[in-house]
Amino acid sequence: MKRRVSSYSFFSSSFGRLLLGLYSSLVLAYLLLPLMVIIPMGFSSGKYLTFPPPGFSVQYVQEVVHSPQWTSAIWNSITVGVAATVLSTLFGTMAAIGLVWGRFRGRLLLFGFFLLPLLVPVVVSATGLYLLFAKLGLLGTFLGMVLAHAMLGAPFVVMVVSATLTGYDRRLINAAFSLGAHPWGAFRTVTLPIIAPGVVSGALLSFMTSFDEVVVALFLSGSDYRTVPVLMFQGIRFELDPSIAAVGTLLLAVSLLAMITAELLRRRARR
Amino acid sequence: MSQSSSRSLFLLTVPLLVTTVLTLLAPIVFLFRTALYAPEVSRGLPRFVAALEADTAAVPREEVFRVLAEDLGRRKETFEHGIVIKPIRHQDLELWKMLKGILRVLPEDPSIAEISSWQRWFSEHDSRWESANTWRRLRRVIQPVTDFYLLEAMDLKRDGENALVWQEKEKQLFLGVLLNTLEIGGVVTLLCLLLGYPLSLYLASLSSRTARILFLFVLLPFWTSLLVRTYSWILLLQREGVVNGMLAALGLVSEPLPLMHNRFAVYVTMTHVLLPFMILPLFVVLRNIPSPLTTAAASLGASPWRSFLTVTLPMSVPGIAAGSLLVFSIALGFYITPALVGGSEDTMLSQLIALNVNSLLNWGRAGALGVILLGTVMVLFLSVTFVLLSRMRWNPLAGELR
């Protein structure tokens with residue numbers, strides 16, 4: 001540990017520190033505990049969403065697995081997510097390399113433009129996409145959903161990969177070139193291994209963005225192309241179906257997995 | 001690498017540039033277009049619109065009535081009349097009803113119908129067709145380029161003399177929703193700051209190993225689906241929910257408390273969802289304050305509280321600004337959470353947009369509300385970012401302070 005933050009001295013008085021620690025634990029509990037409530041509900045044996053659940057059962061998990069509505073939504077979510085991730089990761093990585101290594105005018109402006117999807121309220125881009133896709137006949141199609149989700153995920157790839165690249169010594173690739181390496185060979189053997197953790201983290205963020213995205217999916221899906229979040233939103237809104245708790249538990253597990261993977265990658269990248 | 005290859009690296013950004021232009025910029029341009037441009041009437045009833053524009057009288061002559069009947073008849077034949085007069089329905093409901101009335105009684109093919117005076121036929125059917133007021137309003141709603149939707153979205157309209165006036169009291173809705181949206185965003189930002197700042201301070205003061213483990217608790221909600229988090233709060237707060245169940249079991253309440261579908265639920269849930277966005281920038285900034293500064297302050301005799309107020313707090317202002325900006329601008333666009341846990345009093349701008357896109361099919365209004373939401377967020381974001389960037393001279397691409 002290199003340095004300690006200045007605030008440490010403020011709380012050198014043990015009472016102040018105790019108070020701050022107590023307050024912080026409460027905030028952490030507020031962040032974390034509500035997420036946990038969904039797990040017992042997902043495995044409840046009760047007929048309704050009562051807490052505490054009367055007993056343990058996998059009835060809702062079974063219901064979800066055997067419902068064609070849910071399974072097709074899961075399939076849609078995965079295929080759209082993977083396709084959008086491939087697109088955004090490929091284009092985003094290329095753009096990040098061009099931005100960090102290139103020496104052309106307006107790089108910072110272009111970087112800002114690529115982050116714009118994060119800034120524009122999703123409802124606004126969803127409405128615009130709906131109006132445009134209605135004209136182009138892309139509503140309720142795989143292609144339409146993939147394009148929209150790739151747009152939403154790309155900023156994460158651009159951010160993470162360019163952050164990885166700025167920390168990486170460019171003289172390495174110059175050395176490869178001076179040793180006579182072919183540009184593609186230099187990229188494959190020098191650049192790619194270094195930026196790989198960043199690319200994978202970006203891809204992970206991009207996939208989760210698509211997998212969890214509700215608003216654009218709600219606007220563009222129509223009745224033919226519903227993803228898991230769309231089905232969940234409609235389920236919560238209209239009937240409060242208890243099997244949603246089971247789906248929620250599943251999504252929570254996916255998030256946990258994604259987070260742990262990203263965290264491990266980040267540590268590896270640091271070494 | 002040579003100068004030229006450094007420049008040609010621009011080509012690598014082209015695919016993403018094209019994709020982003022197609023899927024973000026083009027839709028936004030389309031949104032503006034929809035908000036300002038409703039060509040259906042002038043396209044669907046072209047001869048009538050041309051004839052009316054050529055006629056400057058308060059109540060036009062026979063010719064205009066005749067082409068109106070003929071144009072309407074032609075659209076009715078192809079069942080397009082509903083689409084063609086839809087903008088009129090959104091802009092002037094009374095006028096739309098008058099046109100619907102005409103469409104109902106219109107003879108099969110008006111151009112060969114034996115009617116000597118269409119003007120008389122119109123006024124016999126509905127005497128309002130004789131009034132100059134009707135025609136003044138009709139002249140306005142046939143314009144393809146209109147500021148009607150943008151004005152409506154700000155509770156404004158044009159009166160008979162084309163001057164801007166407030167909408168009637170009972171029709172005023174949009175400014176209230178905009179204020180609601182800003183208020184919810186402001187309160188949530190404040191709550192995030194109140195909860196997030198002390199936690200970030202604490203996390204920043206821990207050893208990096210402990211901080212990293214505790215930080216996972218902040219990151220897990222960040223990675224978890226928005227719907228899962230909102231749904232968890234529904235399970236907690238609903239009438240038969242966890243909180244009410246526990247309160248009843250402890251004998252603290254006899255009646256379940258109304259915790260859902262109100263402002264309280266919106267604040268609690270939105271703060272929960274947005275808190276990580278406040279903590280991340282705050283933590284980074286607080287962690288990077290050089291400790292010699294506070295040590296120096298302490299060695300010069302400053303009390304811990306004073307050293308916090310004079311060193312740590314001012315130095316963390318960029319983190320406070322970045323976190324607040326992030327939370328506030330994301331909060332302004334919230335749709336899912338207020339739709340699921342809020343009541344009718346807590347409607348936010350995004351919900352109104354979604355309602356107009358998906359249920360009311362009033363795209364002009366949805367577009368105008370979208371333009372207003374986007375404008376608010378952009379102005380806010382760009383001005384704060386500009387101040388931050390120019391004061392800190394920070395270049396994210398160089399990865400260093402210039």
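In which kind of crossing, left-handed or right-handed, does helix 4 of chain B pass helix 5 of chain B? In this predicted model, the crossing of helix 4 of chain B with helix 5 of chain B turns out to be left-handed. Helix 4 of chain B covers residues 46-54 and helix 5 of chain B covers residues 62-77, and the two pack with their axes 8 Å apart, at an angle of about 165 degrees. Angles over 145 degrees count as roughly antiparallel, so that label fits helix 4 and helix 5 of chain B. On the helix 4 side, the residues that do the meeting are B:Arg47, B:Phe48, B:Ala51 and B:Leu52; helix 5 of chain B brings B:Glu63, B:Val64, B:Val67, B:Leu68 and B:Asp71. Sorted by class, this contact holds six nonpolar residues and three charged ones, with no polar residues.

A second pair of helices links the two chains. Here helix 5 of chain A (residues 68-101) packs with helix 2 of chain B (residues 14-36), their axes lying 7 Å apart at an angle of about 120 degrees. That angle makes helix 5 of chain A oblique to helix 2 of chain B. Chain A supplies A:Phe91, A:Gly92, A:Met94 and A:Ala95 to the contact, while chain B supplies B:Pro15, B:Leu16 and B:Thr19. By class, the residues of this contact split into five nonpolar and two polar, with no charged ones.

Zooming out to chain B, the domain assignment gives domain 1 as 40-144 and domain 2 as 174-361. Taken over C-alpha atoms, the centres of domain 1 and domain 2 of chain B are separated by 55 Å.

Conventions:
Residues numbered from 1 in each chain as written. Chains lettered and ligands numbered in written order. Predicted model: local features only at pLDDT ≥ 70, side-chain atom pairs only at ≥ 80, totals over all residues. Axes fitted to C-alpha atoms, helices over the stretch in contact; angles between N-to-C directions. Helix = DSSP H or I, 4+ residues; strand = E, 2+ residues; numbered from the N terminus. Parallel < 35°, antiparallel > 145°, perpendicular 65-115°, else oblique. Left-handed = near helix turned anticlockwise from the far one by under 90°. Contact = placed C-beta atoms within 7 Å. Nonpolar A, V, L, I, M, F, W, Y, C, P; charged D, E, K, R; others polar. Domains from an automatic or database assignment.
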